[in-house]
Amino acid sequence: MWAFIWSQVGLWCGWGGHTSQNDLVALAERWHRFYGWGGVGVRFIPTRRLQPMIYWEGGQFISQDRNKRAFSRTRWGAVGIGLRLRFLRKGFSPILETTLGRLTASPRTMEGRPITGSPASLSANFLGWGAGISWRLNEWVELGLLYLRRRPQTSALEGISGPARDRLEGFMGQLTLLLGEKSESSSRFQ
């Protein structure tokens with residue numbers, strides 16, 4: 001049925017981590033912690049180069065404000081839509097993604113209670129992008145490694161103030177299973 005609309009559909013899952021930037025360390029130190037995140041989604045593949053997608057991501061991270069002696073643990077989840085550009089038709093190809101979505105986060109103290117003066121949960125729109133490389137093993141399996149950055153439109157994501165604007169960023173590996181019929185079009189844009 002999908003083949004009537006798209007030549008192939010890719011079901012992907014991702015795993016990786018993002019870094020935290022706050023005042024846990026000296027000002028000169030920027031990349032100091034690594035936290036897990038993951039995601040699943042569907043990419044529609046009308047051509048090999050241009051791929052619209054729908055996805056879910058989620059994870060958690062810890063923040064600290066030394067001046068306030070405050071810690072927070074934030075769990076988050078996001079639903080989004082995006083567009084992936086795969087530059088080459090060959091096995092290896094650079095890729096670029098742009099995304100738009102809605103993020104929900106729950107900042108808590110290390111004991112699991114809501115933080116005083118901070119909302120117990122919050123939602124915000126976000127813009128994002130990603131860049132990396134993909135390797136199409138065969139007509140049905142593709143591996144990818146991307147650097148991703150999501151910028152929620154809120155300053156309350158961590159539950160406590162920090163020196164950096166809110167963002168989620170890091171590396172993600174992706175495994176994509178390609179379903180449906182392979183396009184037989186000879187168009188140079190595929």
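1. A surface patch, as the term is used here, is made of residues with over 30% relative accessible area and no salt bridge, and nonpolar side chains are joined to one another within 5 Å. With that term in hand, the reader may turn to the structure, which is a predicted model.

2. A nonpolar patch of about 1,100 Å² lies on the surface. Its members are L11, W15, F92, I133, W135, L137, L143, L145, F171, L175, L177 and L179. Two or more of these residues come from each of the strands β1 (8-19), β6 (122-136), β7 (141-152) and β8 (168-179). Strand β8 makes the greatest contribution to the patch, namely four residues.

3. Strand β8 deserves a closer look. Is F171, a residue of this strand, buried, partly exposed or exposed? F171 has a relative accessible area of 46% and is therefore partly exposed, since that class lies between the limits of 20% and 50%. F171 is also one of the residues that make the nonpolar patch.

4. Q174 belongs to strand β8 as well. Its relative accessible area is 3%, so Q174 is buried; the limit for that class is under 20%. The side chain of Q174 makes a polar contact of 2.7 Å with the side chain of R84. Leaving aside residues up to four places away in sequence, Q174 touches a set of residues including W12, C13, G14, W15, R43, E97 and L146.

5. R43, one of the residues touched by Q174, is found in strand β2 (residues 34-45). Which polar contacts does the side chain of R43 make? One joins it to the side chain of Q51, at 3.0 Å, and another joins it to the side chain of T176, at 2.8 Å. R43 is buried because its relative accessible area is 0%.

6. The final point concerns the interior. In soluble globular proteins, nonpolar side chains tend to be buried together. In this model, the largest nonpolar core has 19 residues. Those that touch the most other members are W37, F61, W76, L103, A105, L157 and L168. Strands β2, β3 (50-65), β4 (70-86), β5 (92-108), β6, β7 and β8 each give two or more residues to this core. Strand β3 supplies the largest share, with four residues.

7. Two strands may be kept in mind when the model is inspected. Strand β8 gives the most residues to the nonpolar surface patch, whereas strand β3 gives the largest share of the largest nonpolar core.

Note on methods
Residues numbered from 1 in each chain as written. Predicted model: local features only at pLDDT ≥ 70, side-chain atom pairs only at ≥ 80, totals over all residues. Heavy atoms only, no water. Patch = residues over 30% accessible without salt bridge, like charges linked within 9 Å, V, L, I, M, F, W, Y side chains within 5 Å. Areas by Shrake-Rupley, 256 points an atom, 1.4 Å probe, with all protein chains shown as cover. Salt bridge = Lys/Arg side-chain N within 4 Å of Asp/Glu carboxyl O. Buried < 20%, exposed > 50% of the residue type's maximum accessible area, 1.4 Å probe, protein only. Polar contact = N/O pair within 3.5 Å; in protein donor to acceptor, adjacent residues only side chain to side chain. Contact = heavy atoms within 4.5 Å. Core = buried A, V, L, I, M, F, W, Y, C linked by side-chain atoms within 4.5 Å.
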